[in-house]
Amino acid sequence: MCGIIGAASSRSVGKILVNGLKKMEYRGYDSAGLVLNNESEAIQLKTLGKVANLEDLMIEKKPRAQSGIAHTRWATHGEPSQKNAHPHTSNGTIYIVHNGIIENHDELRERLSNDGYKIESETDSELIAHLIHSNKENGKSTLEALIEATKALDGAYSIAVIDTEQNGKIFAAKQKSPLLVGRGIEENFVASDPLAIAGLSESFYLLEDGDFAVITQDEIKIFGSDGEGVSREETIIDTRVKEVSKDGYKHFMEKEIYEQPKAIANAIEGRTTEGDVLDNIFGLGSSESFNRVKRIQFVACGTSLHAAKTARKWFEELCETPCYIDFASEYRYRNPLVEDDTLFVCISQSGETADTMAALNYAKEEKYLGIVTICNVPTSTMARESDWKIFTNAGPEIGVASTKAFTTQLAALMLLACSISKSKDINGEKRAEAIEDLVNTPALVKEAFGLKKHIDDIVEKIADKKNALYLGRGVYFSIAQEGALKFKEITYIHAEAYPAGELKHGPLALVDETTPVVALAPEDELVEKLVSNLEEVKSRGGTLYVFGNATSKIKIEKGKFMNMPDCGYYNAPIVYTIPLQILAYEVACSIGTDLDQPRNLAKSVTVE
Ligand code: F6R
């Protein structure tokens with residue numbers, strides 16, 4: 001979604017703000033803007049498109065000031081345009097940047113128009129500036145005016161504000177959208193993501209919903225919703241600069257694909273012993289409570305949802321526990337019936353996804369046994385709001401298309417399945433096999449990188465197509481779904497995944513000479529059935545690109561068979577993910593899409 005940053009410093013902040021926006025560009029990239037507060041005047045710059053355009057404008061104009069706020073946008077209300085880009089102003093004195101969605105914007109727009117405000121943009125965000133201005137006109141201080149303004153807002157927001165009459169101060173508010181305050185040396189910051197101020201601060205205050213902050217170059221003050229000062233714990237976050245650089249790779253996505261052996265090893269490290277999982281790796285009391293788990297409810301979005309779908313079989317086999325899996329965006333609207341001793345599990349790379357967060361908040365009011373979060377960002381709201389949690393320790397994922405987040409989520413889900421199985425004291429042998437497979441995964445993932453040379457041969461044959469089908473059976477259908485999602489989001493070629501046995505019930509009509517069909521054929525109990533399904537594709541002239549074991553009896557006349565490493569039963573789904581990521585990446589490179597920031601998308605979707 002959008003990224004916001006504000007800085008108050010003893011030095012000029014223009015460069016700090018633009019560098020911060022660049023590091024948050026994964027959150028939105030259709031326009032960018034900033035405002036600097038220079039003694040008596042505000043200098044505002046806005047550009048359409050990438051932050052680099054704003055940087056060019058900065059180089060041209062060379063504005064200087066010791067405080068300012070900035071924004072990179074992912075459009076929700078109103079098209080990407082100069083007019084809709086942030087910051088928004090009221091009367092040239094109040095300037096705001098906003099991340100989130102104001103749900104009652106129609107009503108506020110009408111009210112403010114009736115009060116005589118001329119609303120220049122189509123955004124919900126501009127209204128916040130007018131509300132603050134109007135409250136100030138009624139005699140309130142800037143902080144009071146901001147607090148009062150938020151009382152009129154329904155929805156989610158993190159807001160940073162500049163008042164030209166309060167030089168050197170940044171005001172901020174948070175409700176259901178991430179915002180933190182960073183302490184630097186002779187400078188302080190607010191930002192949506194600690195990465196934005198990597199290298200400038202390692203000491204953060206994570207604002208809670210309903211918090212407000214006022215920062216100057218040498219002071220940080222945090223207030224509760226009643227305007228009284230509150231103290232928030234100082235958290236040290238290691239924002240190593242190296243992890244937010246491409247490190248010689250062409251794209252973040254490429255770097256993140258090839259980081260997976262290390263990321264998966266980090267996800268497992270310190271959590272297993274010889275043949276088993278350690279107790280309480282999900283937090284104190286987790287092992288004790290997990291022996292009561294009778295059912296599991298998973299919620300997640302996109303790639304994280306595919307992780308839940310893939311892992312379901314592990315929970316059924318190792319814990320003998322039925323699982324329900326819901327799109328987080330749908331879960332609470334079906335009025336789910338919650339049975340006793342159901343564990344609620346959220347999966348999220350960012351830990352901030354609004355749909356998943358809303359599902360978590362809903363679940364808190366229901367009689368779940370407890371809430372577990374699997375996420376990659378320790379400072380995230382989901383992590384803080386859960387009873388138990390495990391961090392995937394994958395390191396920052398910047399590419400919008402999730403790669404290492406997915407495989408490390410699978411590793412964490414395997415640890416959860418093993419933890420529940422251990423607490424119930426069942427299936428010890430299978431658990432030992434699962435743990436052994438998990439420990440062997442990084443080496444197999446490394447081996448799977450060797451498939452790139454075969455994938456290179458098929459890239460050009462796929463890059464000019466309009467549609468692709470992805471097939472798998474059992475858990476490999478979920479891996480096929482993840483492969484198809486990756487492929488469509490960065491190549492813009494339509495791709496759809498089907499359980500291979502479902503083909504004849506409709507989608508086979510799509511297959512002709514122009515349709516590449518990517519299939520996953522591990523040597524398992526379903527492979528023979530899959531082979532028959534692939535015959536159906538062959539006889540309709542479809543081109544098959546199959547990842548499988550050489551032992552499987554698949555003969556391909558048109559297309560290519562690519563031999564996978566010899567995997568274990570439990571780690572094969574993780575390893576089969578790798579060639580699908582490489583395929584999507586290489587096809588997108590050949591087409592020339594902006595694959596770290598694909599069109600219309602953003603990472604960390606903090607609006608519903
Ligand atoms: C796809 C992708 C998205 C995310 C989804 C959930 O490559 O990255 O589908 O998986 O938006 O995000 P998180 O995991 O942060 O909740």
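A polar contact here is a pair of N or O atoms within 3.5 Å; within protein, one must be able to donate a hydrogen and the other to accept it, and residues adjacent in sequence count only if both atoms are side-chain atoms. This is a predicted model, where local features need pLDDT of at least 70, side-chain atom pairs count only at pLDDT 80 or more, and totals for chains, interfaces and linings use all residues. Residues are numbered from 1 along each chain as its sequence is written, and side-chain values use heavy atoms, with hydrogens and water left out.

**Exercise 1.** Find the backbone atoms that pair with oxygen atoms of the ligand.

*Solution.* Start at Ser402: a polar backbone atom there is 2.9 Å from a ligand oxygen. Next, try Thr303, where the distance is 3.2 Å. Then go to Val400, whose polar backbone atom lies 3.3 Å from an oxygen of the ligand.

**Exercise 2.** Describe the residues around the ligand.

*Solution.* First, count them: there are 14, with Ser304, Ser348, Gln349, Thr353 and Glu489 coming nearest (near means a heavy atom within 4 Å). Second, place them: domain 2 (245-426) and domain 3 (451-591) each give at least three residues to the shell, with domain bounds taken from an automatic or database domain assignment.

**Exercise 3.** Locate the cis peptide bond and the positive phi of Lys62.

*Solution.* Begin with the general rule: most residues other than glycine have a negative phi, and most peptide bonds are trans. Now look at His86 and Pro87, which are joined by a cis peptide bond with omega about 0°. Pro87 is in the loop between β4 (67-73) and β5 (88-90); strands are DSSP runs (E, at least two residues) and helices too (H or I, at least four), numbered from the N terminus. Finally, Lys62 is not a glycine, yet its phi is positive, about 50°. You'll find Lys62 in the loop between α2 (51-61) and β4.

Technical notes: Near = heavy atom within 4 Å.
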